[in-house]
Amino acid sequence: MKNDRFLRALRREPVDCTPVWIMRQAGRYLPEYRATRARAGSFMGLATNPELACEVTLQPLERFELDAAILFSDILTIPDAMGLGLSFVEGEGPKFERPIRTEADIAKLAVPDIGTELRYVTDAVSLIRRELDGRVPLIGFSGSPWTLACYMVEGGSSSNFARIKTMMFNQPAALHRLLEVVTDAVIAYLTAQREAGAQALQIFDTWGGVLSPAAYREFSLRYLQRIAAELPRGEGAERTPMILFGKGNAAHLEELAATGTEGVGVDWMTTLEEARRRTGDKVALQGNLDPATLFAAPDTIRSEVGKVLQSYGHGSGHIFNLGHGITPDVQPDHLKVLVDAVHELSRPYHTSA
C-alpha cells in the first residue's frame, strides 16, 4: 500500500507523522459532492448507486492529502433494509415510514439478507477499493445498535428520545430483543463490508451520550462489546482493526478500551492527554478537534491543530480527526489548512529519541 499510516497508527506501530481523515469528509461542504448529489436526484439515490457512491468517496482525496477514505453511505441502511421505509426530508433529516413502536413490531424484525438488500453497499466497497488501488486504506462503517434503535423507535431524529427511553424504562426486555437483532445485523453487515474489501471498520455510537452511565452500560456498551468479541476480523497482521466512536462517551473510555477494539474515537469534550492516561495506551485514540474550529481563520486552525497534537504527545497511536463530523458550511480551503498542518506539525512527535 502506498500510504498505510492510518493502519499503522491504529495498530500503534511507528509512523512518520500523524495520519488524518475527517468524519463526513465526503459531504455537502464540497461543491463537487453537491453536483454529484444533484445528478443522483436524492441522497438515497446517491447512496444506493455504487458508481456514484465511489465517485463521492474519492472526491476529498483529490483535494486533500488524507490518509484514509471512508465508504460513502449512511448509518440507517440496516433499518431501511429491515423494511422501515427510510426517506430524507430536506431540512428535517431522516424519517421512517414504519417506525418500531410495539413488541409486535420488534417480533417482525429479522436480519436482512446483506447480499441482496444491501448489495449496493458491498458493491460500492469493492468498487472503491479497486479505484483506490492501494493509495490509502478504505474504512467501512455501521451505526451502533443503540444509535440505530434510537432512529428506529423515534422514527427519525429526536430532541429528547422520549419514545425509546419510555421503552427502556417500561419494556426493557423488548428493547433488548430489538438491540439483539440489530446487533446481529450489524455483525453481518460489517462482515460483508470486510469481505468486500474494507480495511478498517468504524462504529458510530452517535447517541450513546444521551444515556445515564448505568443505562449506557446496559443498552449500548453491552452490544458494542458483543460486536468487538464476535465480529470475525482475522488474526495477527491480517486482522482488520476497529474503531468505536461515541459522542459523549468520556465517562466510558476505560470500558471501551477494554472491549477488544483497536481504536476509540474521542469527542472534543475530553483532552487526548486525559483519554490517553485513562486508556493506558491500550488502544489508538482518534480525534478530537472541535468541528467548529474549521470556521476560524487559517492561523487559528493551525494553532488549534498544534494543541490537539500536543495534548496526545509523543509516539504513535493517534489518528487525527474532528470530534464529530464536518459541518456543511465549512470552506474546503480551511480543511486543507487542517490536513496540511497535521502532517507538518506532527512530525516532531514521531522522531525517535
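The accessible surface of the chain amounts to about 14000 Å², and carbon and sulfur atoms contribute 49% of that area. The model analysed here is predicted. Of its 353 residues, 59% are classed as buried.

The secondary structure of the chain consists of 16 helices and nine strands. The radius of gyration is 19 Å, close to the 20 Å given by the globule rule for 353 residues, so the chain is as compact as a globular protein of that length. Along the principal axes, the C-alpha atoms fill a box of roughly 60 × 45 × 40 Å. Among contacts with a separation of 6 or more, 73% join residues that lie 24 or more positions apart.

With regard to charge, the chain carries 37 positive and 44 negative charges. The mean positions of these two sets are 1 Å apart.

Arg 177 was examined individually. This residue lies in helix 11, which spans residues 172–196. Its relative accessibility is 44%; Arg 177 therefore counts as partly exposed, since that class covers values between the 20% limit for buried and the 50% limit for exposed residues. When residues up to four places away in sequence are left out, Arg 177 touches Glu 103 and Ile 106. With Glu 103 there is also a polar contact between the two side chains, at 2.7 Å. In the backbone, the C-alpha atom of Arg 177 is separated by 8.4 Å from that of Ala 107, a residue 70 positions away along the chain.

How values were computed. Residues numbered from 1 in each chain as written. Predicted model: local features only at pLDDT ≥ 70, side-chain atom pairs only at ≥ 80, totals over all residues. Heavy atoms only, no water. Helix = DSSP H or I, 4+ residues; strand = E, 2+ residues; numbered from the N terminus. Rg over C-alpha atoms; globule rule 2.2 N^0.38 Å. Buried < 20%, exposed > 50% of the residue type's maximum accessible area, 1.4 Å probe, protein only. Contact = heavy atoms within 4.5 Å. Areas by Shrake-Rupley, 256 points an atom, 1.4 Å probe, with all protein chains shown as cover. Lys, Arg positive; Asp, Glu negative; His and termini not counted. Charge placed at Lys NZ, Arg CZ, Asp CG, Glu CD. Polar contact = N/O pair within 3.5 Å; in protein donor to acceptor, adjacent residues only side chain to side chain.
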